[in-house]
Amino acid sequence: MRGSRIVIAGIFILEATALPAQAASPLNPPLPPARPAGIDPPKAQGKYHAEDQASEPAREPGKALPKEAAPAPEPQEVVTPSVSSACSGFLTSGQVEAKRAPTPPPRPGCGIDEPVTLSAIIRPDGRKISVAASGVMRCALAKEFATWAVGDFSAILETGGRKIDTIVTGSSYQCRPRNRVAGAKLSEHGKGNALDIRGVKFSGGAHALVGDKASPIPEALFTSACKTFATVLGPGSDGYHEDHMHIDLAARRPGSHYCRWRMP
Ligand SMILES: [Zn+2]
């Protein structure tokens with residue numbers, strides 16, 4: 001601001017010295033001086049700048065901007081819904097590190113019952129298995145997944161003395177059509193009812209990943225998943241699951257499962 005004031009003061013002096021010559025003739029009335037380009041107001045820089053301002057989040061005067069400012073044009077009320085006693089019991093069971101999560105912003109067709117985040121699963125022997133970046137999912141899915149993780153999932157992967165350190169996951173809740181294909185039916189991800197699993201990291205640094213030719217996920221894991229979840233998709237299913245296993249709890253006839261994968 002100080003710089004602007006100095007520039008404007010300088011212009012006033014120039015204007016004052018020019019006035020007598022302009023006022024000498026009634027045919028040449030004094031005109032307002034043209035605003036030098038250098039002091040144009042910011043809005044003159046066009047639409048792009050205006051959008052930048054519109055997307056800037058409100059903040060208290062004198063308070064520094066956060067490092068990553070959320071692009072929220074309007075503040076939205078954050079609601080962390082209560083959950084059923086069954087879900088609450090799961091969250092406080094001591095068998096997981098999980099907590100209730102805020103309801104995601106409403107989007108047409110999407111929604112999630114009892115949103116939770118799951119960051120770790122505690123095995124019966126007390127060893128912790130981290131769940132990396134699972135995002136928000138339905139409590140029912142988190143519960144089913146955690147049960148599977150300490151059961152068959154661990155039994156199949158923890159062979160030869162290997163211990164799972166982290167389960168690496170991908171999308172969970174995400175409001176989008178199936179396989180991100182425009183016009184397709186809403187994905188179970190849009191209900192927080194699906195989870196993508198990339199693989200695991202073992203203590204000591206080794207890993208097993210879906211689609212990794214050197215360290216693949218064993219096919220037995222897909223077979224086990226198909227007994228537990230309504231849908232299981234993997235490599236060779238439809239071209240959209242070459243590097244992860246999709247599991248969900250889609251509503252199907254009792255005992256019905258839709259499972260597609262083909263190991264290379
Ligand atoms: Zn998926």
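What follows is a friendly conversation about a predicted model of a single chain.

Visitor: Let's start with the overall make-up: how many helices and strands are there in the chain?
Guide: This is a predicted model, so every remark here concerns computed coordinates. The chain has 264 residues, of which 25% count as buried. Its secondary structure comes to five helices and ten strands.

Visitor: What share of the contacts with a separation of 6 or more comes from residues 24 or more positions apart?
Guide: One such distant pair in sequence is Leu 118 and Ala 142, which are in contact. Across the chain, among contacts with a separation of 6 or more, the share from residues 24 or more positions apart is 56%.

Visitor: Now the helices: are H4 and H5 roughly parallel or roughly antiparallel?
Guide: Two packed helices are described by the angle between their axes and the distance between the axes. Helix H4 covers residues 139-157 and helix H5 covers residues 219-228, and their axes are 10 Å apart at an angle of about 150°. Because angles over 145 degrees fall in that class, H4 and H5 are roughly antiparallel.

Visitor: In which hand does H4 cross H5, right or left?
Guide: The two helices meet through residues of both partners, including Trp 148 and Phe 153 of H4 and Leu 221 and Ser 224 of H5. As for the hand of the crossing where H4 passes H5, it is right-handed.

Visitor: How many residues of each class make the contact of H4 with H5?
Guide: On the H4 side the contact uses Glu 144, Trp 148, Asp 152, Phe 153, Ile 156 and Leu 157, while H5 brings Ala 220, Leu 221, Ser 224 and Thr 228. Glu and Asp count as charged, and Ser and Thr fall among the polar residues. By class, that gives two charged, two polar and six nonpolar residues.

Visitor: Which element gives the largest share of the largest nonpolar core?
Guide: That core holds 43 residues, and those touching the most other members are Val 116, Leu 118, Ala 142, Ile 167, Val 232, Met 245 and Ile 247. Leu 118, leaving aside neighbours within four places in sequence, is in contact with Val 96, Ala 98, Val 131, Ser 134, Met 137, Ala 142 and Ala 146. The largest share of the core is eight residues, and it comes from H4.

Visitor: Is Arg 162 buried, partly exposed or exposed?
Guide: Arg 162 lies in the loop between H4 and strand E5 (164-169). Not counting residues up to four places away in sequence, Arg 162 touches Phe 202 and Ala 206. Because 15 other C-beta atoms lie within 10 Å, Arg 162 is partly exposed.

Visitor: How far apart in space are Arg 162 and Ala 206, C-alpha to C-alpha?
Guide: Arg 162 and Ala 206 touch. They are 44 residues apart in sequence, and from C-alpha to C-alpha the distance is 8.7 Å.

Visitor: Asn 179 and Arg 180 catch my eye; is Arg 180 exposed or buried?
Guide: Asn 179 has a positive phi near 55°, and Arg 180 has one of about 60° although it is not a glycine. Asn 179 is found in the loop between E5 and strand E6 (194-202), and Arg 180 lies in the loop between E5 and E6 too. Asn 179 is partly exposed, with 13 other C-beta atoms within 10 Å. Because Arg 180 has 11 C-beta neighbours inside 10 Å, Arg 180 counts as exposed.

Visitor: Lastly, what distance separates the C-alpha atoms of Pro 124 and Gln 95?
Guide: Pro 124 lies in the loop between strand E2 (115-122) and strand E3 (128-132). Pro 124 counts as exposed because it has 7 C-beta neighbours inside 10 Å. Pro 124 and Gln 95 are 29 residues apart along the chain, and their C-alpha atoms are separated by 7.6 Å.

Definitions and conventions: Residues are numbered from 1 along each chain as its sequence is written. This is a predicted model: local features need pLDDT of at least 70, side-chain atom pairs count only at pLDDT 80 or more; totals for chains, interfaces and linings use all residues. Axes are lines fitted to C-alpha atoms, for helices over the stretch in contact, and angles run from 0 to 180 degrees between N-to-C directions. Helices (H or I, at least four residues) and strands (E, at least two) are DSSP runs, numbered from the N terminus. Angles under 35 degrees count as roughly parallel, over 145 as roughly antiparallel, 65 to 115 as roughly perpendicular and the rest as oblique. A crossing is left-handed if the near helix is turned anticlockwise from the far one by less than a right angle, and right-handed if clockwise. Two residues are in contact if their C-beta atoms, placed from the backbone, lie within 7 Å. A residue is buried if 20 or more other C-beta atoms lie within 10 Å of its own, exposed if 12 or fewer, and partly exposed in between; C-beta atoms are placed from the backbone. A nonpolar core is a set of buried Ala, Val, Leu, Ile, Met, Phe, Trp, Tyr and Cys residues joined through C-beta atoms within 7 Å.
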